[in-house]
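Here are some notes for a colleague who is meeting this structure for the first time. Please read them with the model open beside you.

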Amino acid sequence: MIRQKLAVLVTQALVSARNAAVLNSEQFPDVVIGTPAQEAHGDFACNIALQLAKPERKSPRQVAESVLLHLQDTDGLIRRAEIAGPGFINFFIAPSAWQQCLPLIEQAGPAYGTTDSGAGRKAQVEFVSANPTGPLHIGHGRGAAIGDVLCRLLSATGWQVTREFYYNDAGAQISNLALSVQARCLGIETDDPRWPADGYQGEYIKEVATAYLAGETVVAGDQQVTASGDPDDLDAIRRFAVAALRREQDQDLQAFDVRFDHYFLESSLYSDGKVEAAVQQMIANGHTYEQEGALWLRTTDFGDDKDRVMRKTDGGYTYFVPDVAYHLDKWQRGFLRVVNEQGADHHSTITRVRAGLQALNAGIPKGWPEYVLHQMVTVMRGGEEVKISKRAGSYVTLRDLIDEVGRDATRFFFVMRKPDSQLVFDIDLAKQQSLDNPVYYIQYAHARICSIFENAADKGIHLPDQTPDAAVLAQLETPEELRLIKWLESLPETVDDAAQEFEPHKIVYYLTELAGQFHSYYNKSKVVTEDTSLSIARLYLLARTRQVIQNALTLLGVSAPEKM
C-alpha cells in the first residue's frame, strides 16, 4: 500500500520536473520502490535517479535533487527523504501513515493479503499426479503441499485456478501392479520364484487382493468398480487395483486438506486417439524421421542436446509422447498458463515435452508449460533416517507422517524450504510443543494473542465496535510497534512475490518473522495497562496481528488455534 503510494508520488514528481524543463526525458522507466538493507537507511529506497542519470546527462544526485524538489506529498506520507550514496533516494515514512494502515487491514478482513495481479486470468496447476500403484509417499506429500499452496497463492493474487491430477493409469507400472495383485490372489508369496520380477511387495497389495477376491466395490473419482473375484482375469484385477489405490490416494489427500477440480486419466489419451493424433501432427509438420526401425523427434531443433525416440522398435511410445498429447489437450482447453509441480526426477522431460509442443505448430509459447520441481525429502527420527513403512514396505507414506505429527506440522514442514532445496523432515522436532518447533512458534503467537484478549476482558477492557480514531492510534509510536505495523503492511507484497516466483516458503519466512516480532514486542511492552486508551491502541494492533497471522496460515493450509 505505502510502497505503491510512494511510486505514484515519485512518478508525479518526474512528470512535474519535466514540465518545469528540469528533466528532459520523454519517457521515464517504471519507478521501483525497494527496501534498504539497513533499517537506519529508511523504510524504502528508490534508484530512479541512477537510471535517469545517463539519458539526462546529469549526475544521479542532481536527478535525485530534482525529484525531491518536485515531490508533492500532500497527505503527509513521508516524514523525511534524503539522498544517499551515489544517488539513492531514501524515504522515512511518517508514523501516522503506518498507523493508518491498521484500519485498512481491518476493513479487508480475511481478504487482507490478496491482490489482483492475476486479473481473473485462467491458470491450471497440475500436481501430485502419482501413479496409482501404491499409497502416497513423502515425495508425493511434499508435492501435494507445495502444489496446494501454489494454488492458494495464485488464487489469492487474482488468478482463476484449476487444480488437476493426472493419473498414470497406463504402462508397465500398471501391468506390474496387476501382476502383483494377481500373484497375491493366487497365494504366491514374494519369496516364491513365481513372484513377478518387478512386482510390488508392500502389505497393501495383500489388502487389495483380499478385497478383490471378496468381490468388493470401490468408488474412486467418477469411477465405480466391482471386483469379479476371478484370479485369472488379469484385466479385471488391473481395473480394480487401480480404482482401489486411487481411492486410497484420494483419502490421503483429503486428510491432507488437498482437493482437485479435475482428474485426467492417461489411458484416455490412447482410447480417445489423442496420442496418435499428436504423433501424426508432428510427422506432418516434418519434425520427425525414421531410423533403425524407430520414430525420432528432432528435439535438437528446439534446444535439446540430442534427438529423442518417440516410437520404439516394438511399436510402443516413449514416456514423453503421451505427455506432449496431454499438454496439447491442456492448451486446447484454454489454459494459457499451466504450472506443473513435480519431483526433480522429471527434470529431463521438460525440454522434450516443450520440444514436442513446438513441433505441433499449434501456437504454443516456447516456455510453456511452467515447471516447479521439488527435491527429495529425508525423514529423521531420533537422529536416524526412517526409510520404510510398515504398510508400504519400501518407503515412508504420507499417511505415516500425518498420523504421527498431524496435518498442520506435515504441511508446514513440507513447504518451509525452497522447493528445489532438499528437505530434512525431523519427526521429533515436528512433534515438539516448544518454541523450537517452527510451526508451534507461529501458532503459539496466535494463541498467545487470544489469551491476551481474554486477560483484557477479565479486567473489563474491550475493543470498541468502532475503529479507534487517529488520536488513539497515534499512541502506537515505539520502534517495536512501528516495525510490527510495517511488517503487517507488507503481507500483500509478500503474497504477490511468493505467487510470481512460485516460492511458498516465503510465506513461512514471513510468518516466522512476524511471530518473532510479536513475541519480542509482547515481552518488552505491557499491552493491558492502567491507561485505557493506550491499552485499546495496543489491543487493536494485536487484533490486526492476529488477523494477519491467520490469513497467512490459511494460505499454507495450516490452522490458527486459539489455545495451545
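1. Gln 124 is buried, because its relative accessible area is 0%, and the cut-off for that label is under 20%. The model is a predicted one, and this should be kept in mind for each point below. Gln 124 sits in strand β5, which covers residues 122-126. Its side chain makes a polar contact of 3.3 Å with the side chain of Lys 330. Apart from neighbours within four places in sequence, Gln 124 is in contact with Thr 162 and Glu 164, and also with Lys 330, Arg 333, Phe 335, Arg 337, Val 338 and Val 339.

2. Is Glu 39 buried or exposed? Glu 39 has a relative accessible area of 53%, so it is exposed, the cut-off being over 50%. The residue lies in the loop that runs between β1 and β2 (44-46). Its side chain is joined to that of Arg 483 by a polar contact of 3.0 Å. As for Asp 191, that residue is 152 residues from Glu 39 in sequence, and the two C-alpha atoms are 66 Å apart in space.

3. The strands on either side of that loop belong to an open sheet of four strands, with the order β1-β2-β4-β3 and antiparallel pairing. At the edges are β1 (33-34) and β3 (78-84), each of which pairs on one side only. Strand β3 runs antiparallel to β4 (residues 88-93), and six bridges join the two. Within this pair, Ile 83 stands opposite Ile 89 of β4. Helix α3, residues 60-69, packs on the sheet and touches β3 and β4. The direction of α3 makes about 165 degrees with that of β3.

4. A further open sheet has three strands in the order β10-β11-β12, again with antiparallel pairing. Here β10 and β12 are the edge strands, each pairing on one side only. From one strand to the next, the twist averages 45 degrees.

5. Within this three-stranded sheet, β10 (residues 288-291) and β11 are antiparallel and joined by four bridges. Thr 288 is placed opposite Leu 297 of β11. Two residues lie between the strands of this hairpin, and Glu 292 takes a positive phi near 55 degrees there. On the other pairing, β11 and β12 (residues 308-311) are antiparallel over three bridges. Trp 296 has Val 309 of β12 as its bridge partner, while Leu 295 has Arg 311 in that strand.

6. Which residues cover the two faces of strand β11 (residues 294-297)? Ala 294 and Trp 296 are on one side, with Leu 295 and Leu 297 on the other, and all are buried. Both faces of the strand are therefore covered, given that buried stands for under 20% relative accessible area.

7. Helix α15 (residues 407-415) is mostly covered, with eight of its nine residues buried. These are Asp 408, Ala 409, Thr 410 and Arg 411, followed by Phe 412, Phe 413, Phe 414 and Val 415. The list thus includes charged side chains as well as aromatic ones.

8. Two packed helices are described by the angle between their axes and the distance between the axes. The axes of α17 (residues 438-458) and α21 (residues 505-524) come within 9 Å and cross at roughly 40 degrees. This is why α17 counts as oblique to α21. The crossing of the two helices is left-handed. On the α17 side, the residues that meet α21 are Tyr 441, Ile 442, Tyr 444, Ala 445, Arg 448, Ile 449 and Ile 452. Their counterparts in α21 include Val 508, Leu 511, Ala 515, Phe 518 and Tyr 522.

9. Helix α21 appears again in the surroundings of α19 (residues 479-489). Buried residues in α19 are Glu 480, Glu 481, Leu 482, Leu 484, Ile 485, Leu 488 and Glu 489. These pack against α1 (2-19), α4 (95-99), α5 (101-108), α20 (491-501), α21 and α22 (532-556).

Terms used: Residues numbered from 1 in each chain as written. Predicted model: local features only at pLDDT ≥ 70, side-chain atom pairs only at ≥ 80, totals over all residues. Heavy atoms only, no water. Pairing = 2+ DSSP bridges. Contact = heavy atoms within 4.5 Å. Axes fitted to C-alpha atoms, helices over the stretch in contact; angles between N-to-C directions. Buried < 20%, exposed > 50% of the residue type's maximum accessible area, 1.4 Å probe, protein only. Polar contact = N/O pair within 3.5 Å; in protein donor to acceptor, adjacent residues only side chain to side chain. Parallel < 35°, antiparallel > 145°, perpendicular 65-115°, else oblique. Left-handed = near helix turned anticlockwise from the far one by under 90°.
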